[in-house]
Amino acid sequence: TPAPGRRGRVAFDLDDQGRFGVLCDHSQAPDLEWLAADGTSLGLLQLPPVAAISNSNWELAGPAWVGGARFVVAGSWSGRMETTVVYRVDFERRTVERLATADTSPIQALAGFPDGRFAALTEDWFEHSSRDGLAFFAPDGTPGWRTMESGYGGRDEELLSPEDLVACGSNEVAVLDNIRHTIQIFTSDGHLVRLMDLDTVWKRPVNYPTDLARDGEEGFLVYDFNAAEPLVRIRGDGTIRAALVPRYAGGQRISMRDGARRAPDGSVWVCDGDTLLRLGGDGRAVHMMEGAVERYVLSHPSSFAVAPDGRIAVADHRTLVVHTYGPDGRRQLRCRPPSIDFKETERVDHIALDPCGGLVASIRGSPQRQLVFSSEGGFVRDLGNAWNAVTEERCFRPDGGCWVIGYREIHLLDPTGQRRILLTRRPDEGWLAQLKGG
């Protein structure tokens with residue numbers, strides 16, 4: 001049967017048959033779902049609850065495929081004692097087994113081998129510093145070779161800022177470094193096979209690479225966060241084969257979670273936190289996983305506003321859609337932003353509800369956008385920062401006028417948009433005195 005619409009999909013991996021292991025982080029009750037390539041649900045197994053853990057610094061890593069219908073997932077938390085657990089999830093046996101990973105540092109990322117072994121990037125936290133490491137484990141979790149950062153001297157085999165790793169073949173892992181902008185390839189006994197300097201071979205600026213996956217037998221998929229073209233497909237020598245901007249079918253950028261993965265049939269998949277999407281050659285989504293949450297459903301509420309008449313507006317930080325509801329809770333409008341090339345970091349951070357039924361959604365970015373929507377929910381125009389160069393927010397008055405609040409100034413506009421009052425910030429406590437009684 002098709003998998004039901006689910007939220008909280010935070011990471012995924014594929015096996016050698018193109019089936020998905022998808023990690024869903026539901027607060028203190030994470031689970032792993034197993035999906036066929038068409039979205040058919042093949043199973044779902046609950047991971048042990050973490051409700052007994054009082055520390056909020058709980059982090060999950062994985063899933064990583066380790067052969068058959070098996071995946072490994074790690075959970076780490078730090079407090080007075082750093083503790084890490086690794087679970088092997090076997091969908092054929094329907095078991096969740098805790099592995100004996102003794103004295104393991106908190107795990108940040110996992111990579112699996114088909115014979116059951118796995119590798120991990122680790123990070124130990126101290127009072128004023130942290131230390132990164134790379135470790136290999138046997139199928140039962142027994143630790144093998146391990147190296148820890150011990151100061152940086154510029155040698156190729158050193159770890160500076162490892163961010164992600166992926167298995168290469170049967171005995172090597174590739175490690176992505178987001179400060180050096182390199183990919184280091186190590187054998188399971190710690191020997192450095194080679195190093196790719198992305199700054200040298202890409203022939204374009206490298207921004208902040210955070211995720212790594214295989215792209216065929218020799219290539220890689222690199223996710224370069226907040227770059228103009230963030231999803232980069234590279235050959236085995238590091239040169240760029242293609243650079244893409246992952247987008248929904250309507251053109252809006254996809255805010256990706258956990259990078260991208262290539263399936264055995266060559267297709268490339270990404271996750272936006274709820275939905276698994278298959279990308280076409282131009283980066284646009286050509287398929288949405290069966291049963292996934294519909295794009296315009298309110299799934300990640302962020303900023304909200306309440307009008308004097310009881311209307312409620314809530315923005316979704318995943319889609320930038322503003323949903324409005326009446327005083328009785330019934331949905332009224334879905335205000336969808338235009339097909340602007342929004343960056344992944346841009347969010348609706350303020351909503352102003354117009355007494356006539358429309359609204360203005362402020363999207364913080366460079367430049368800041370002030371998107372005006374009509375009382376029917378249609379996009380009207382982008383006001384930009386019309387009155388304040390740095391930032392501004394609008395607050396409507398019952399008569400249709402509005403206050404425009406900026407970093408240095410406050411403007412009062414009448415219903416026609418003409419300015420009636422200008423207040424400029426002064427280094428005293430009396431600069432708002434003229435508002436008394438008004």
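In the predicted model, Thr182 has a relative accessibility of 4% and therefore counts as buried, since the cut-off for this class is under 20%. Thr182 belongs to strand E15, which comprises residues 182-187. Beyond its neighbours within four places in sequence, Thr182 is in contact with Val175, Leu176 and Asp177, and also with Leu195, Met196 and Asp197.

The protein chain as a whole contains 36 strands and 1 helix. Of its 438 residues, 53% are buried. Among the contacts in the chain with a separation of 6 or more, 41% are made by residues 24 or more positions apart. The area that the chain exposes is about 19900 Å², and 49% of this area is supplied by carbon and sulfur atoms.

Strand E26 was examined together with the strands that pair with it. This strand spans residues 312-316 and is mostly covered, with 4 of its 5 residues buried. Strand E25, formed by residues 301-306, pairs with E26 in the antiparallel sense over 4 bridges. Within this pairing, Ala313 of E26 is the bridge partner of Ala305. The two strands form a hairpin with 5 residues between them, in which Gly310 adopts a positive phi near 95°.

E26 also pairs with strand E27, which covers residues 322-325; the sense is antiparallel, and 4 bridges join the two strands. Here Ala313 stands opposite Thr324 of E27. Ala313 thus appears in both pairings, as the bridge partner of Ala305 and as the residue opposite Thr324. E26 and E27 form a hairpin as well, with 5 residues between the strands. In the turn of this hairpin, Leu320 has a positive phi of about 65°.

The second largest pocket was also characterised. Its volume is about 390 Å³. The lining of this pocket consists of 23 residues, and those closest to the centre are Asp354, Val360, Arg381, Leu383 and Phe396. Four strands give two or more residues each to the lining: E30 (359-364), E31 (369-373), E32 (379-382) and E33 (392-396). By residue class, the lining of the second largest pocket comprises 12 nonpolar, 7 polar and 4 charged residues.

How values were computed
Residues numbered from 1 in each chain as written. Predicted model: local features only at pLDDT ≥ 70, side-chain atom pairs only at ≥ 80, totals over all residues. Heavy atoms only, no water. Buried < 20%, exposed > 50% of the residue type's maximum accessible area, 1.4 Å probe, protein only. Pairing = 2+ DSSP bridges. 1 Å grid on protein atoms, 1.4 Å probe; cavity = no way out; pocket = protein on both sides within 12 Å on 5 of 7 lines; lining within 4 Å. Points joined across faces, edges and corners; volume = space filled by probe spheres on them. Nonpolar A, V, L, I, M, F, W, Y, C, P; charged D, E, K, R; others polar. Contact = heavy atoms within 4.5 Å. Areas by Shrake-Rupley, 256 points an atom, 1.4 Å probe, with all protein chains shown as cover.
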